[in-house]
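Biologist: I should like to go through this model and ask how each descriptive term is justified. Please show the structure before we begin.

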Amino acid sequence: MTVRMADRTPLVVVGDALLDRDLTGSADRLAPDAPVPVVSECAERVRPGGAALAAYLAARDGREVTLITGAGDDPASLALRELLAPWLTLIALPLTGTLPEKTRVLAQGRPVVRLDRGGGRARGATDEARAALRSARAVLVSDYGRGTADALRDVLAARPPLVWDPHPRGGPPVPGTRLVTPAEKEAHGFAPRDGHPGGGLRAAALNAAALVRDWRVAAVTVTLGSRGALLSYGEHPLLVPAPAAHHGDSCGAGDRFAATAAGLLADGVLVGEAVEGAVGAATAFVAAGGAGALPPADTGPVSPSSPDTDDPHALAARVRAQHGTVVAAGGCFDLLHAGHVGLLQAARRLGDCLVVCVNSDASVQRRKGDGRPVNPLADRVRVLRALACVDAVAVFDEDTPERLLGDLRPDVWVKGGDYAGADLPEAALLQEWGGQAVLLPYLDGRSSTALMARAAEGVR
């Protein structure tokens, strides 16, 4: 179901806001006085966190959003108000103490340490917040265990929300909630008698079913990270796999999942469709770099139905900005076989993202002759994108991908081992920006031509 931005249902988010800060630099030595890394040339970036991140993401999707949260006049609260002001309406509950802040120090894009300060909690509801909830068309509770959901529990119980994203320090969702979204570890802790022992899908299914009954909610979906999510209505769970496995920064993925699911449910889709959409959005969010790679607050909204993570140039730019390694591999990939898959899996292990450069139909025909490609470009691209090791696909119409590589500027360029060094005109090009062309071996005896010959022989 596709929903135009103008048709999206307004959303009220109830929960505990945080202020998140990333200090990102590089580390290539240890301190002389202690065995700890020295992170130098740090760039600081401040963004909404907690329930404020969920609300901000929903607003960036083009949705009208109201956030009900604890906020005061301390510096962190004022900074958060300024970040959110262009995007949504903030209804502040009185706050005891200061707004919680989380500061991550990252080196080469990977967290080194996190510093937390501020223990403020919402200390009560207001008439404005109660009125906003009573008139809301759709509600998401993003509970971070700091009192906002508890302060408004009576109103939430009278009009159960669409989605409740729970927290171990918070209370249970109110009965009648349509969808609850605990992570796997949280579901184990929430389930009666400390959950089903062990891990894996069976434990997640049993814990989800138990929580549906214990909480008296319509459905529970246990988020499983790179494995997707498991949806239960009390029996016969539905597993929604992630469309691809990404190992990027997962910070904020739960908020992306909850905000997407709530928005889709508000717009009238079924629970299963909402979970499927939320898995896709969270996967794309992680692939794009997580909360730390969010666009600046002065950029416009984007549609969640067409995330930019499939844009190979944007992906390469993000990975480079995080000091990662961009890998590219090329070929026709006409009849995808085990040799191709082994090559692409090996290529992905060489860096932090893999962009596959694939010949257009005209380019394949010029190289391979009449009758090729067997599969048109749209089909070849779809199959490549379905591989977990592939982060993006780029198409080129020339006989060689040199122009495309000049735009992408990958750190590593991979070709199959059936190419000799003289057949890699891209090698010299890679040297212009310090990149390296490499050959990886194919599985012996696998090729599209051999597959076609065997198929033709079978027909005869």
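Biologist: What area does the protein chain expose, and what share of it do carbon and sulfur atoms supply?

Modeller: The protein chain exposes about 20900 Å², and carbon and sulfur atoms supply 53% of that area. Accessible areas come from the Shrake-Rupley method with a 1.4 Å probe. This is a predicted model, in which local features need pLDDT of at least 70, side-chain atom pairs count only at pLDDT 80 or more, and totals for chains, interfaces and linings use all residues. Residues are numbered from 1 along each chain as its sequence is written, and side-chain values use heavy atoms, with hydrogens and water left out.

Biologist: Why is α1 called oblique to α8?

Modeller: Helix α1 (residues 51–60) and helix α8 (residues 253–266) pack at an angle of about 50 degrees, with their axes 9 Å apart. Angles under 35 degrees count as roughly parallel, over 145 as roughly antiparallel and 65 to 115 as roughly perpendicular, the rest being oblique; therefore α1 is oblique to α8.

Biologist: Which residues make the contact?

Modeller: Leu53, Ala54, Leu57 and Ala58 of α1 meet Asp255, Arg256 and Ala259 of α8, where contact means heavy atoms within 4.5 Å.

Biologist: What makes arginine 216 exposed or buried?

Modeller: Buried means under 20% relative accessible area, exposed over 50%, and partly exposed in between. Arginine 216 has a relative accessible area of 60%, so it is exposed. Arginine 216 lies in the loop between α7 (200–215) and β13 (220–223).

Biologist: How is histidine 236 classed?

Modeller: Histidine 236 has a relative accessible area of 70% and is therefore exposed.

Definitions and conventions
Axes are lines fitted to C-alpha atoms, for helices over the stretch in contact, and angles run from 0 to 180 degrees between N-to-C directions. Helices (H or I, at least four residues) and strands (E, at least two) are DSSP runs, numbered from the N terminus. Buried means under 20% relative accessible area, exposed over 50%, partly exposed in between (1.4 Å probe, protein chains only).
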